[in-house]
Amino acid sequence: MRIEVKDLKYVYSPKSPFEKVALDGISFTVNSGDTLGIVGSTGSGKSTLCRHLNALVKLQSGEITVGDIRLNSKRVDLKQLRKNVGMLFQFPEYQLFADTVKKDVEFGPLNFGFSQAEAEEAAKRALELVGLDFDEVASKSPFELSGGQMRRVAIAGVLASRPSVLVLDEPTAGLDPVGKREILELVTALKSGVTDTVIIISHNMDEIAEFCNRVIVLDDGKLIADTTPDELFNRSDIVDRTELDYPHTVKIKRLLAAKGVDLDTPALNAKELTSAILRRVKG
Amino acid sequence: MSMQGKDPENFTIGQNDANGETDCVTDVGTPLIKADGVTYSYRNGEQVSRGVTDVSLSINRGEFVVILGRNGSGKSTLAKLLNGFLVPDEGIVTVRGIDTADDDKIFEVRSVVGMVFQNPDNQMVASVIESDVAFGPENLGVPREEIEERITDALETVGMEKYRKGSPNKLSGGQKQRIAIAAILAMRPEVVILDESTAMLDPKGRREIMDTVLKLKREKGMAVVLITHYMDEAIAADRIHIMNDGGIIASGSPAEVFGNEDAVRRAGLELPVAAKISLDLKKAGLDIGFALTDEELAEEICALK
Amino acid sequence: MKDISLGQFYPADSFTHKMDPRAKLVLVIAFIVMAFLAKNFLSYFAVLICVVSATLVSRIPIMKVLKSIKAIIFILVFTGILNLLFYNGETVLWQWWRIKISVEGIIFSVKMVLRLVLLVMGTTLLTYTTTPTAITDGMESLMKPLKYIKVPVHDIAVIMSIALRFIPIISEEVDKIMMAQKARGAAFDNGGLLKRAKALLPVLIPLFVSAFRRAEELALALDARCYNATPNRTRYKVMKFTWRDLVGLLGTAAFIVLVVALNNNFWGAYASPASVWWLFSV
C-alpha cells in the first residue's frame, strides 16, 4: 500500500514555555512492497512520525495519504485506516490484557468488524504465523508465557487484522539474540505474502542494513536523507551527525580499505562479507 | 558512614576516602565476592523452578567480569544472590567475608555491592537528579557536606554533572541509566553489578554505559559485574562466564570463551560479527587467527596477504 | 507532552521563585486566613492588592493567573446564583415563592465569588512558583514536629516523592497503551457509561500489570540503596530561610493587619463622605 507524507509539521505543547517542534517539513513516499527503515537518534521524531500514519496524533499541518485514505479530509474512516495499517509499539507485550491468548489476539479483528468465527480463524492464522501452536497457547493466559512468546502473541494481535502496512517500532528491543533472530525472520516471512509494505524504526544498523531496501533519516524533527542503506553508510556526514552506528560489516570494510584492501562489495551482512573476503584472498 | 562507625573492623582503612579511590593493594588475594556451590530455586506454591544450580565463582578487586546468557538462563538470579537479595538454598555467598545470609549485616553487604537494574525509570525515587543521587548516602547517614562531595564526584564520573539540578524525565535512556549508576556510586561501593542494565537501551545508550563501566574499572579501580546477553559488551572483560539453564557452562578470557563455539551456540548467544567472520574464514580453509574486534579482524586479514 | 512532575510550575527567575517553599506554604495559609478575615469591600480590595502585587513580584503574566479561575467557573456561577436567590436579606427587591433577591443578597454573593476568586489566585501562585518536589520538601520539613507523635514523616515524604516521580511515567504509559489499543481498533469515546467502562479494561489491565512490575523493581532498587539502613538518616537538601522569606512574611503580616484595620473602620474612614464609603462598609 502506498503512503504519501507531504510537508508534515508537528509541535508539542504549542504556545507554552514547553513548546517543542517534533516534526518539521517531513515529506516522503513509501511504495507498495517497500521495507522502509526509519532511523535517527532518540527524540528525533521517529515515533511521532509513525503515530501519524495511524491517526493516533492529530494532524496539525501537512498532508498524509495512506492508500486511498486522505488523513486531512473532514471524515476519516479511522477503522479502515487502522485495519490497513498495523502498528506494533515498542515493548508490545506491555499491551496484552485479555485472560487468554486467543481473546487477546481476537481483540483487533473483532474491533474491525470481523465475525466471531472470522476472528477465531484470523487469530489461529496469526498465531501460527508467529510460530506458536494455536491449540497449545490459545487458552493460556498471556501473562504466563515467556518474554519472547509474549512479544510474539502481541505481534499476532496486530497481524490478525491482516494489515497491508506493518509499522514496527523497535521490534527487537530488549530481546536476547535468539528472540531477536526469531522476530527478524518473522518479518522476512511476512513480506512474502501477508503484508506488502513494512516500516521499521530501529537503532540497530545491522538490522536496517539486512532488512530494508530504503531508509529515511530523521534528525531533530527534520528529514535529512531518503536513500538506500548501502548509500547511507557511504555518507559519513549524515551517519556521524545523527550519532548512528555503522554496521560492523561496514566498519570492517572501511578498516580494510584503509589498509589498502578494497573489497568493493555491497555486502552488508556477515555471510556475504565472508564470501567477499574469501573471493579476494583466494582469487 | 555511620555504619562504618558501628563496625569498623569490617571496613579496610582507606577504602572510602574522599576521592573515591579504592585502596586495593593491601589484600589482592582475597576475593570481594565469593560464591561456592550455590543453588537456588524459586518456589511458587507447589511449583519449584530452578534458578541456578551449583554455581561457584569469585569476583576480585578491580576486576571486570561479564556474565552472559539468554533470558531465563539464571543470570539475573545469580546477580541477586551476589548482594543478598536472594539467599542460597545450598552453598554460600560471602561479600568481603560476610555471609549474605547474615541478616544483621545485610546493609553492609549492600553498601559494598551496589546494584543497577534493567529499567532506569524504576530506580529513581526523586524528581530532581541530585536528590536522587543523594538518596543512598542519606540512607547510610553520611554527613551533609560529604554527600555534596559524593554527588559531585559520582555525577562527574558518569559525565552527568551539568544535569545535576534537572529532572530525569527528559533524559535519554542511556543518560537515565548513568544517573542510576551515579546513585549507586554515591554509596561508595567496591563492586557494581549491572543486572541487564543495557538491555533496554539504544546502541548509543549502551555505548555510554560501556564507557562508564570501563572508566570505573580503570580510574576508580572498582570491580564491575555486567550481566548481559550482548556478547560484544564482553569483549573488554577480564573474565567471562557463560550461563545456560542455571549453570555456568564456560568461563575464561574473552578469546577463550568466544572461541568455544559449542558453548556459545548452546547458550543461544551470538558472536560479534568480527569473531564470526574470523571463525568462518578459518573453516573455509584460511590460516587466520581468532579476532574479537573489527580492528583485529582487519589486521588478521591483512596479515594473510 | 507536558512534564507533569512540574505540575503547573511556570519557570521564571523571580523573587517568589527563589523563596523557601516552607515560607511559601505558610504564606499561602496566611493568605487564606486573610481572605476569610476580610469583611467589607475595602478589606477585600486590600486582599486583591496583596495577591496582585505578589503576582507582579513573581513575574507571572496576570492573564495566566486569571486563567486558573476558568477551572472553577462553574462553582463560581453556582455559588453566586444560589446566594443571590436564597440569601435572607431585608431590603427585598424582587420576590417569588421562596426565592428573593435583596440588596444584602447581591452584596453577599458578590463577596462570596470574590473570595473564591482570591483564594484560587493565591493558591495557584504557589503552584506556579514552586515545583511539586519543592512543595513536598517543604511539607516534610513543616511536618517534622509530628515525628514526636510517631508519625512516619520521612516515609510519607519518600512515598510522596516517588509518587511525583512516577506520575509522568505512568501518564506517559497510559498514553502509549491507549494508542496501542486504538491502533488495534479500540474506541474509548462512544457508547453508554457501561460500554465505556468496559472499553477501558484493555488499558487498565496492562497498566496494573506494569505498575506491579515497576513496583517490584523499585522495591529492589530501594533495598539496593540501603533504604532504612539506619535510623540516623541524614538529609542532603537543606532549605534556607532568607531575607526574601522575611520580606514575604512581613509583607503578608502587614496586609493582614491592614485587612483587620479596614474591617474595623480603624481610621474612621467610612464616616467621612458617607455616600462614597457606603459601598465599602456594607
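The paragraphs below lead through a predicted model, taking in turn the contact between chains A and B, the two domains of chain A, a sheet in chain B and the domains of chain C.

The meeting of chain A with chain B is a convenient place to begin. On one side 28 residues of chain A take part in the contact, and on the other 30 residues of chain B. Together the two chains bury about 2,700 Å² between them, with carbon and sulfur atoms giving 67% of that area. Within chain A, the residues that lose the most area to chain B are A:Asp176, A:Pro177 and A:Ile252, which together make up 17% of what that side buries.

The polar side of this interface can be followed through its salt bridges and polar contacts. The rule finds 2 salt bridges across the interface of chain A and chain B, and one of them may be located by looking for A:Arg181, whose partner is B:Glu270, with the closest N and O atoms 2.6 Å apart. Between chain A and chain B there are also 7 residue pairs counted as being in polar contact, both residues of a pair being at pLDDT 80 or more. Three helices of chain A, namely H7 (177-191), H11 (248-258) and H12 (270-282), each supply at least two residues of the side that touches chain B; of that side, the largest share, 8 residues, comes from H12(A). Sorted by class, the residues of chain A that touch chain B comprise 13 nonpolar, 6 polar and 9 charged.

The internal division of chain A comes next. Chain A is split into domain 1, covering residues 3-244, and domain 2, covering residues 247-283, and the C-alpha centres of these two domains of chain A are 32 Å apart. Where the domains touch, domain 1 of chain A contributes 9 residues and domain 2 of chain A contributes 7 residues. The area that they bury between them is about 650 Å², and 60% of it lies on carbon and sulfur atoms. On the side of domain 1 of chain A, the three residues A:Asp206, A:Asp230 and A:Phe233 supply 60% of the area buried against domain 2, more than any other three residues.

Across this interface between the domains of chain A the rule finds 0 salt bridges, while the count of residue pairs in polar contact, both at pLDDT 80 or more, is 2. Helix H8 (205-211) and helix H9 (229-232) of chain A are the elements giving two or more residues to the side of domain 1 that touches domain 2, and H8(A) provides the largest share of that side, with 4 residues. The classes represented on this side of domain 1 of chain A are 4 nonpolar, 2 polar and 3 charged residues.

In chain B, the eye may turn to an open sheet of 4 strands, arranged in the order E2-E1-E4-E5 with antiparallel pairing. Its edges are formed by strand E2 (47-59) and strand E5 (98-99) of chain B, each of which pairs on one side only. Strand E1 (residues 33-44) and strand E4 (residues 90-95) of chain B run antiparallel and are joined by 5 bridges; a point of reference in this part of chain B is B:Thr39, which stands opposite B:Glu90 in E4(B).

Chain C, finally, is described here by its domains. Domain 1 of chain C consists of 7-130 + 242-281, whereas domain 2 of chain C consists of 150-224. The C-alpha centres of these two domains of chain C lie 38 Å apart.

Conventions: Residues are numbered from 1 along each chain as its sequence is written. Chains are lettered from A and ligands numbered from 1 in the order in which they are written. This is a predicted model: local features need pLDDT of at least 70, side-chain atom pairs count only at pLDDT 80 or more; totals for chains, interfaces and linings use all residues. Side-chain values use heavy atoms; hydrogens and water are left out. Domain bounds come from an automatic or database domain assignment. Contact means heavy atoms within 4.5 Å. Buried area is the accessible area (1.4 Å probe) that two parts lose on being put together, summed over both. A salt bridge is a side-chain nitrogen of Lys or Arg within 4 Å of a carboxyl oxygen of Asp or Glu. A polar contact is a pair of N or O atoms within 3.5 Å; within protein, one must be able to donate a hydrogen and the other to accept it, and residues adjacent in sequence count only if both atoms are side-chain atoms. Ala, Val, Leu, Ile, Met, Phe, Trp, Tyr, Cys and Pro count as nonpolar, Asp, Glu, Lys and Arg as charged, and the others, Gly among them, as polar. Two strands pair if DSSP finds at least two bridges between them.
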